[in-house]
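Visitor: Hello! I am new to protein structures. Could you teach me how to read one?
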Amino acid sequence: MKPPPFEYYAPASLEEALALMAEHGWDAKPLAGGQSLIPMMNFRLAQPEVLVDLNGVAGLGYIRPADDGGVLIGAMTRHKTVQQDSLIAERAPLLHEAMPKIATQQIRNRGTFGGSLAHADPAAELVSVSVVLDGRMRLQSAQGERWVAASDFFVSLFTTALEPEELLVEVHLPPAPARAGWSLQEVARRPHDFALMGVAAVVGLDEDGKCDFVRLSYLSAGDRPMEGQKAAAALVGEKPSAEAIRAAAEAGATLDIEPSDDIHATAEFRRHLANVLTRRALEEAFERAAG
Amino acid sequence: MSELFKLQVTVNGEVYEREVEPRLLLSDFLRHELGLTGTHVGCEHGVCGACTVLLDGEAVRACLMFAPQVHGREVVTVEGLGTIAEMHPLQQAFQEAHGLQCGFCTPGFLTSLIPFLEENPDPSEEEIREAISGNLCRCTGYVHIVEAVKLAAEKMSAT
């Protein structure tokens with residue numbers, strides 16, 4: 001349970017960090033909060049030859065209002081900061097509600113927003129939440145930068161659109177559309193444990209009270225955040241009646257997810273949870289949208 | 001082998017300088033380099049909470065940080081909370097309420113609870129249970145630990 005040796009760099013600027021990533025490419029791992037990477041190194045599941053520690057890099061930890069009414073979150077912002085931030089509570093209440101569910105306080109003191117996203121664990125709340133909030137990731141390398149939508153960022157288990165020399169530096173969360181509502185539902189053995197199943201939802205109503213859009217993302221339901229497209233299709237254009245919501249939940253739990261068996265739960269039980277949680281999430285989200 | 005890292009860190013008010021391998025975990029640095037064996041190592045992957053220490057006043061897992069990452073910073077371990085003659089009120093409360101049996105998990109509980117009680121001087125039972133949810137105890141079943149935290153909150157707000 002000791003990590004393998006590595007070369008350690010602690011750059012003070014983003015420029016320096018990007019130069020190190022450009023130089024070491026595939027062999028390097030950026031070290032953010034380390035709350036997932038270091039356990040993986042302790043187990044020797046990860047054996048990077050070079051670690052580029054981002055903790056001393058100036059200017060990567062912040063929460064700012066975005067011009068469009070949304071928020072910009074620097075990749076090195078600690079979970080604790082996101083959890084306590086009033087702008088997040090006001091402009092991204094779904095994210096605010098997700099924060100206490102993420103690990104324990106000790107982990108939230110160190111763990112970072114960008115680190116969790118770049119780690120791309122499909123059981124992580126932030127991954128699904130960033131998808132349903134229509135987040136965009138700013139990826140930077142020594143060559144320049146590009147923006148990637150959250151729905152394109154997560155590729156598969158622990159795999160993102162990041163190139164080896166790129167760093168995730170910022171996340172943009174747009175403002176909630178008018179008549180939108182949200183919900184996050186999950187079942188976990190303890191509040192901070194990885195959820196056996198969970199679903200994040202953002203829904204919108206049109207002027208006639210019909211469902212305008214539904215964005216659902218399941219966690220612990222496959223090798224990536226699983227989008228509830230079939231569930232959404234069952235609702236869009238309809239009044240969100242109890243019957244329509246039940247049909248959407250059924251579609252989501254059967255068609256949109258690929259849960260697997262493990263020591264904690266069977267795939268069948270996870271599908272059962274997905275059905276119940278989707279119904280609860282949609283009920284709560286539509287209630288908020290109508291409110 | 002990777003190059004050694006020159007590290008200067010304040011632990012329990014004392015300044016230490018050491019040269020370490022970058023891969024040395026903070027938990028092992030405290031125990032093996034500084035001889036501060038009060039920080040216990042349970043799971044080494046951030047689950048059990050036994051290695052919790054205070055880094056600039058915040059509770060963190062010492063097994064999930066590399067020693068070079070505390071360069072220039074301040075760490076407090078269980079040894080820095082109080083002495084046997086002059087225990088911290090939280091330690092007194094654990095003793096009086098029998099908040100421990102074997103004691104292996106205790107340093108992690110204490111260090112996790114110091115910032116919690118500073119931020120929540122009058123916590124509810126639910127808040128206490130949430131606060132200790134990142135620390136595993138395999139002896140007491142937590143009832144006495146929760147009692148100890150309640151007692152500590154009383155003691156600490158009385159002083």
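Guide: Gladly, and we start with a term for cover: a residue is buried when its relative accessible area is under 20%, exposed when it is over 50%, and partly exposed in between (1.4 Å probe, protein chains only). This is a predicted model, in which local features need pLDDT of at least 70, side-chain atom pairs count only at pLDDT 80 or more, and totals for chains, interfaces and linings use all residues. Residues are numbered from 1 along each chain as its sequence is written, chains are lettered from A and ligands numbered from 1 in the order in which they are written, and side-chain values use heavy atoms, with hydrogens and water left out.

Visitor: What is a salt bridge, and how many does a search of the whole structure find?

Guide: Side chains of opposite charge can pair when their charged atoms come close. The rule used here asks for a side-chain nitrogen of Lys or Arg within 4 Å of a carboxyl oxygen of Asp or Glu. Over all chains, the search gives 20 salt bridges. One of them joins the side chains of Arg146(A) and Glu166(A), at 2.7 Å from N to O. Arg146(A) sits in strand E7 (residues 144-149) of chain A, while Glu166(A) is in the loop between strand E9 (159-160) and strand E10 (167-173), so the pair links distant parts of the chain, 20 residues apart.

Visitor: Where do helix and strand names like these come from?

Guide: They are DSSP runs, numbered from the N terminus: helices are H or I with at least four residues, and strands are E with at least two.

Visitor: Is Glu166(A) buried or exposed?

Guide: Glu166(A) is buried, because its relative accessible area is 8%. Its partner Arg146(A) has 31% and is therefore partly exposed.

Visitor: Which salt bridges can I look for in chain B?

Guide: Try Glu33(B) and Arg18(B), whose side chains meet at 3.6 Å, N to O. Glu33(B) belongs to helix H1 (residues 26-33) of chain B and Arg18(B) to strand E2 (residues 14-20), 15 residues apart. Glu33(B) is partly exposed at 34%, and Arg18(B) is partly exposed at 29%. Then find Asp56(B) and Arg73(B), with their closest N and O atoms 2.8 Å apart. Asp56(B) is in the loop between strand E3 (52-55) and strand E4 (58-61) of chain B, and Arg73(B) in the loop between E4 and strand E5 (74-76), so this salt bridge ties together parts that are 17 residues apart in sequence. Asp56(B) has a relative accessible area of 44%, and Arg73(B) has 28%. There is also a network, in which salt bridges with shared partners join Glu125(B), Arg129(B), Glu147(B) and Lys150(B).

Visitor: How do I check the length of a helix?

Guide: The expected span is 1.5 Å times one less than the number of residues. Helix H5 (residues 143-158) of chain B has 16 residues and should span 22 Å, which agrees with the 23 Å between its end C-alpha atoms. Helix H12 (residues 267-290) of chain A has 24 residues, and its expected 34 Å agrees with the 34 Å between its end C-alpha atoms.

Visitor: Which residues of H5(B) are buried?

Guide: They are Ile145(B), Val146(B), Ala148(B), Val149(B), Ala152(B) and Ala153(B). Seen down the axis, they fall within an arc of 155°, so they line one face of the helix; the arc is that of the directions from the helix axis to the C-beta atoms. The face turned away from the buried side of H5(B) carries the exposed residues Glu154(B) and Ala158(B).

Visitor: What does Ser27(B) touch?

Guide: Contact means heavy atoms within 4.5 Å. Not counting residues up to four places away in sequence, Ser27(B) touches Val41(B), Cys51(B), Ala62(B) and Cys63(B). Ser27(B) is found in helix H1 of chain B and is buried, with a relative accessible area of 0%.

Visitor: And what does Arg190(A) touch?

Guide: With that same exclusion, Arg190(A) touches Ser133(B) and Leu136(B). Arg190(A) lies in the loop between E11 and E12 of chain A and is partly exposed at 32% relative accessibility. Arg190(A) and Lys101(A) are 89 residues apart in sequence and 9.2 Å apart in space, C-alpha to C-alpha.
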